[in-house]
Number of protein chains: 2
Amino acid sequence: MDCKHQPGAGWRNGHHCHCPGTRVERFVQPCLLLLLHENVSHGYELMDRLAEFGFDHEPIDVGAVYRVLRKMEEEGWVESSWDTTGAGPARRCYRLTAEGVELLHAWAANVEHSRRRLEHFLNRYRQTFPQRTS
Amino acid sequence: MDCKHQPGAGWRNGHHCHCPGTRVERFVQPCLLLLLHENVSHGYELMDRLAEFGFDHEPIDVGAVYRVLRKMEEEGWVESSWDTTGAGPARRCYRLTAEGVELLHAWAANVEHSRRRLEHFLNRYRQTFPQRTS
DNA sequence: GACAGGTATATGTATAACACATATATAGTA
DNA sequence: TACTATATATGTGTTATACATATACCTGTC
């Protein structure tokens, strides 16, 4: 690898960097659902809180977060209202719906399945390359 | 959830099913790299072997496997040659290059990172919903 | 009062990944 | 002959992603 990019850097956009992406794609969605279950919140704040889920070393796509939130509202998984209290621009505050909670549970089962799959890969990889086991 | 689909079933194609997909997208690529490190093989056989990585319950996209293999050859991570021995149609046999092995190592680090992220999500989810912990 | 910087939401766009369908060919077997 | 398994490949519409840009509000400061 002749590339010092953080994993996930834009290798698909003609940068000729072939580092594999780190994204468990659409993983931002279950994270948002879980965060919103914990607290009513708005996009800008959620972006900070997403860092706790391991999005800290790859810069978050701001646009994606807002789009995912709007999409989830379209689907009825969250609801929003404007919060004009406090300083600064108005915040679109999201809260989870009952359907959103159901989706969160479905996601959890799903993430568990994915986790097992990654673990299987890693076990097999380490068996093949024991010297690389950290 | 009013949907009995296996996770990963085509919810994006107008089926109006909102089950989250299971795909750790592009995960098929590191699996192919690892499989090819273990054995020289061809697409049709690799599809069977992918089942060992947890692609068994979601039907594999045949086209995707062949396309990923060709793409990887373009990039120089694998090389192929026709195998006309044995019965049946000719098989395009792939083997890993040195660069492919390097990519595999990069992927492994990456998958480990993803696994940690999923684990963090699950820990946090289980903390919130202890009664759902299996 | 102008202006910089932090907060906050939103859209534009090109490319890549994806799901699903379809096409083609070889060879064994019922 | 028809059917099935093996094997590779392409077509196509939709979604996801990365990165850029636009807009607006508010506070502090020069």
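In what order do the strands of the open sheet of chain A stand? The legends below answer this and then turn to other parts of the predicted model.

**Figure 1. The open sheet of chain A is built from 3 strands.** The strands stand in the order E1-E3-E2, and their pairing is antiparallel. Strand E1 (41–42) and strand E2 (78–83) of chain A are at the edges. Each of these two has a single partner strand, so one side of each is left without a neighbour in the sheet. E2(A) pairs with strand E3 (residues 91–96) of chain A in the antiparallel sense, over 6 bridges. Within this view, A:Trp82 may be found opposite A:Arg92, which belongs to E3(A). In a regular strand, side chains alternate between the two faces of the sheet.

**Figure 2. Helix H3 (residues 62–75) of chain A lies across two strands, E2 and E3 of chain A.** The helix runs at about 120° to E2(A). To place this view in the whole chain, the reader may note that chain A has 4 helices and 3 strands. Read from the N terminus on, the elements of chain A follow the order α-β-α-α-β-β-α. Chain A has 134 residues, of which 25% count as buried. Among contacts in chain A between residues at least 6 apart in sequence, 41% join residues that are at least 24 apart.

**Figure 3. Helix H1 (residues 28–38) and helix H4 (residues 98–128) of chain A cross at roughly 130°.** Their axes come within 9 Å. What does this crossing angle make H1(A) relative to H4(A)? The angle makes H1(A) oblique to H4(A), because angles over 145 degrees count as roughly antiparallel and those from 65 to 115 as roughly perpendicular. The crossing in which H1(A) passes H4(A) is left-handed. On the side of H1(A), the contact is made by A:Pro30, A:Leu33, A:Leu34 and A:His37. On the side of H4(A), A:Gly100, A:Val101, A:Leu103, A:Leu104, A:Trp107 and A:Val111 take part. The residues of this contact comprise 8 nonpolar and 2 polar residues, with no charged ones.

**Figure 4. In chain B, helix H1 (residues 28–38) crosses helix H4 (residues 98–128) at roughly 130°.** The axes of these two helices of chain B come within 9 Å. H1(B) is thereby oblique to H4(B), and the crossing of H1(B) and H4(B) is left-handed. From H1(B), the residues B:Pro30, B:Leu33, B:Leu34 and B:His37 meet residues of H4(B). Their counterparts in H4(B) are B:Gly100, B:Val101, B:Leu103, B:Leu104, B:Trp107 and B:Val111. How many residues of this contact of H1(B) with H4(B) are nonpolar, and how many polar? The contact divides into 8 nonpolar and 2 polar residues, and no charged residue is present.

**Figure 5. An open sheet of 3 strands in chain B has the order E1-E3-E2.** The pairing in this sheet is antiparallel. The edge strands are E1 and E2 of chain B, each of which pairs on one side only. Strand E1 (residues 41–42) of chain B is joined to strand E3 (residues 91–96) of chain B by 2 bridges, in the antiparallel sense. In E3(B), B:Cys93 is the residue that B:His42 stands opposite. Strand E2 (residues 78–83) of chain B also pairs with E3(B) in the antiparallel sense, over 6 bridges. Here B:Asp83 stands opposite B:Arg91, a residue of E3(B).

**Figure 6. B:Tyr125 touches two residues of chain A.** B:Tyr125 is located in helix H4 of chain B. Is B:Tyr125 buried or exposed? It is buried, because 22 other C-beta atoms lie within 10 Å, and 20 or more are required for a residue to count as buried. When residues up to four places away in sequence are not counted, B:Tyr125 touches A:Leu34 and A:Ala108. A:Leu34 also takes part in the contact of H1(A) with H4(A).

**Figure 7. A:Asp48 is an exposed residue of chain A.** A:Asp48 is located in helix H2 (residues 43–50) of chain A. The residue counts as exposed because it has 11 other C-beta atoms within 10 Å, and the limit for this class is 12 or fewer. A:Asp48 and A:Ile60 are separated by 12 residues in sequence. In space, the two are 9.3 Å apart, C-alpha to C-alpha.

Terms used:
Residues numbered from 1 in each chain as written. Chains lettered and ligands numbered in written order. Predicted model: local features only at pLDDT ≥ 70, side-chain atom pairs only at ≥ 80, totals over all residues. Axes fitted to C-alpha atoms, helices over the stretch in contact; angles between N-to-C directions. Parallel < 35°, antiparallel > 145°, perpendicular 65-115°, else oblique. Left-handed = near helix turned anticlockwise from the far one by under 90°. Contact = placed C-beta atoms within 7 Å. Nonpolar A, V, L, I, M, F, W, Y, C, P; charged D, E, K, R; others polar. Pairing = 2+ DSSP bridges.
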